[in-house]
Amino acid sequence: LQRPRVLSGIQPTAGSFHLGNYLGAVRQWVALQESHDAFYMVVDLHAITVPQDPAELRSNTRIAAAQLLAAGLDPERCTLFVQSHVPEHAQLGWVMNCLTGFGEASRMTQFKDKSAKQGADRTSVGLFTYPILQIADILLYQAHQVPVGEDQRQHIELTRDLAERFNSRYGDTFTMPAPYILKETAKIYDLQDPSAKMSKSAASPKGLINLLDEPKVSAKKVKSAVTDTDTVIRYDAENKPGVSNLLTIYSTLTGLSIPELEQKYEGKMYGALKTDLAEVMVDFVTPFRDRTQEYLDDPETLDAILAKGAEKARAVAAETLATTYDRLGF
Ligand code: ADP
Ligand code: NA
């Protein structure tokens with residue numbers, strides 16, 4: 001019996017992953033490699049939709065791959081690769097660009113948000129069409145499921161529209177992918193502003209846990225997390241977003257359930273929760289950082305892993321592209 005195929009990617013832009021990336025995405029990728037035929041990539045082609053320094057991009061791509069390995073992705077159990085190593089992404093991307101309506105692309109809300117921040121003259125056409133490259137990323141591997149956050153759901157819907165359009169115009173070519181929305185509990189909020197999701201573009205760096213920072217820096221951020229003026233340690237996302245976020249993080253890092261944690265901290269002060277969570281955080285990030293560094297200190301092994309991953313990915317991608325080109329009349 002064939003396992004369902006999943007495909008997911010992560011940008012290399014920030015260097016260090018943040019806690020939201022890990023708890024909201026990467027941790028689930030590690031679990032999915034056991035049950036699925038999993039393809040995971042570092043999406044460096046997507047990174048150049050905004051200006052990038054070449055040396056930094058090269059370094060950040062390796063750091064991203066090293067972190068994925070440190071998190072537990074096993075190249076024997078999944079296909080781990082760098083997007084630009086597989087030229088078929090750009091090739092199928094062009095085909096998908098020609099299949100997408102301008103109005104259809106204009107309705108992508110993520111683009112509206114991002115370009116509004118940058119201004120029209122500093123926004124590239126690549127940023128505008130990046131969801132279409134994402135569509136090619138997915139269809140190239142005939143993925144059945146795409147693990148994404150809620151914010152990406154719209155892009156998966158467009159992927160389905162385009163797969164359907166191509167298939168009906170040119171004959172059955174692409175597998176219809178379904179979103180695999182990652183658990184709501186895995187949404188992590190900013191430690192200083194728990195109404196905003198934790199993000200690399202956070203307003204205050206104090207609210208953002210970077211996994212590759214010195215562990216004591218992350219411990220300090222946990223200890224100075226914003227809570228509320230109440231004193232009860234209870235999960236209530238609406239009225240107690242700060243405390244609830246800390247409980248979510250604590251629960252996902254330790255495997256203790258929220259009710260178990262509420263019981264453990266009954267009658268205790270916020271300080272006790274923060275001190276313990278700071279320790280949990282240090283225990284998590286310390287080995288994660290060390291393992292990442294080990295991969296970075298051994299560039300030959302890392303290169304070999306990524307080369308082998310690209311070879312495995314290309315075998316699938318080349319077949320899809322060949323069929324696509326044939327159907328198109330090339
Ligand atoms: P950012 O929002 O910091 O720019 P990315 O867009 O690069 O992060 O996200 C990479 C992956 O991490 C995506 O799958 C996204 O859904 C997940 N992710 C990002 N931030 C969070 C968060 N705060 N909580 C849960 N998951 C997140
Ligand atoms: Na995002």
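In the predicted model, Thr-159 touches Ile-135, Ile-138, Leu-139 and Pro-177, residues up to four places away in sequence not being counted. Thr-159 is found in helix H8. With a relative accessible area of 1%, Thr-159 is buried, since burial is assigned under 20%.

Helix H8, which spans residues 153-170, also carries Arg-165. Arg-165 forms a salt bridge with Glu-104, and the closest N and O atoms of this pair are 2.5 Å apart. Glu-104 belongs to helix H5 (residues 102-106), so that the salt bridge links distant parts of the chain, 61 residues apart. The two partners fall into separate accessibility classes: Glu-104 is buried at a relative accessible area of 15%, whereas Arg-165, at 21%, counts as partly exposed.

The total number of salt bridges in the model is 10. One of them is formed by the side chains of Arg-5 and Asp-37, with an N to O distance of 3.0 Å. Because Arg-5 lies in strand E1 (residues 5-10) and Asp-37 in strand E2 (residues 37-42), this pair ties together parts that are 32 residues apart in sequence. Arg-5 is buried, its relative accessible area being 16%, while Asp-37 is partly exposed at 27% relative accessibility.

A further salt bridge joins the side chains of Arg-77 and Glu-34, at 3.2 Å from N to O. Arg-77 is located in the loop between helix H3 (54-71) and strand E3 (79-82), and Glu-34 in helix H1 (residues 19-35); the pair therefore ties together parts that are 43 residues apart in sequence. Both partners are partly exposed, Arg-77 at 42% relative accessibility and Glu-34 with a relative accessible area of 39%. Through salt bridges that share partners, Glu-34, Asp-74 and Arg-77 are joined into one network.

Glu-34 also takes part in the surroundings of Arg-3, a residue placed in the segment before E1. When neighbours within four places in sequence are left aside, Arg-3 is in contact with Gln-33, Glu-34, Ser-35, His-36 and Asp-37. Two backbone oxygens are approached by polar atoms of the Arg-3 side chain: that of Glu-34 lies at 2.8 Å, and that of Gln-33 at 3.4 Å. The C-alpha atoms of Arg-3 and Ala-38 are separated by 9.1 Å, these residues being 35 residues apart along the chain. Arg-3 is partly exposed, with a relative accessible area of 42%. Asp-37 thus appears both among the contacts of Arg-3 and as the salt-bridge partner of Arg-5.

Ligand 1 is surrounded by 13 residues, of which the closest are His-18, Asn-21, Ile-188, Met-198 and Lys-200. By class, this shell divides into four nonpolar, six polar and three charged residues. Polar side-chain atoms approach oxygen atoms of the ligand at several positions. An N or O atom in the side chain of His-18 is 2.7 Å from an oxygen atom of ligand 1. For Lys-200, the corresponding separation between a side-chain N or O atom and an oxygen atom of ligand 1 is 2.7 Å. In the case of Ser-199, a side-chain N or O atom is placed 3.4 Å from an oxygen atom of the ligand. Ligand 1 on its own has 530 Å² of accessible area, and the protein covers 82% of it.

Thr-252 is placed in helix H10, which comprises residues 241-254. At 2.4 Å, the side chain of Thr-252 reaches the backbone oxygen of Thr-248. Beyond its neighbours within four places in sequence, Thr-252 is in contact with Leu-23 and Arg-27. The relative accessibility of Thr-252 is 19%, a value that counts as buried because the limit for this class is under 20%. Thr-159, described above, is likewise buried, with a relative accessible area of 1%.

Key
Residues numbered from 1 in each chain as written. Chains lettered and ligands numbered in written order. Predicted model: local features only at pLDDT ≥ 70, side-chain atom pairs only at ≥ 80, totals over all residues. Heavy atoms only, no water. Salt bridge = Lys/Arg side-chain N within 4 Å of Asp/Glu carboxyl O. Helix = DSSP H or I, 4+ residues; strand = E, 2+ residues; numbered from the N terminus. Buried < 20%, exposed > 50% of the residue type's maximum accessible area, 1.4 Å probe, protein only. Near = heavy atom within 4 Å. Polar contact = N/O pair within 3.5 Å; in protein donor to acceptor, adjacent residues only side chain to side chain. Areas by Shrake-Rupley, 256 points an atom, 1.4 Å probe, with all protein chains shown as cover. Nonpolar A, V, L, I, M, F, W, Y, C, P; charged D, E, K, R; others polar. Contact = heavy atoms within 4.5 Å.
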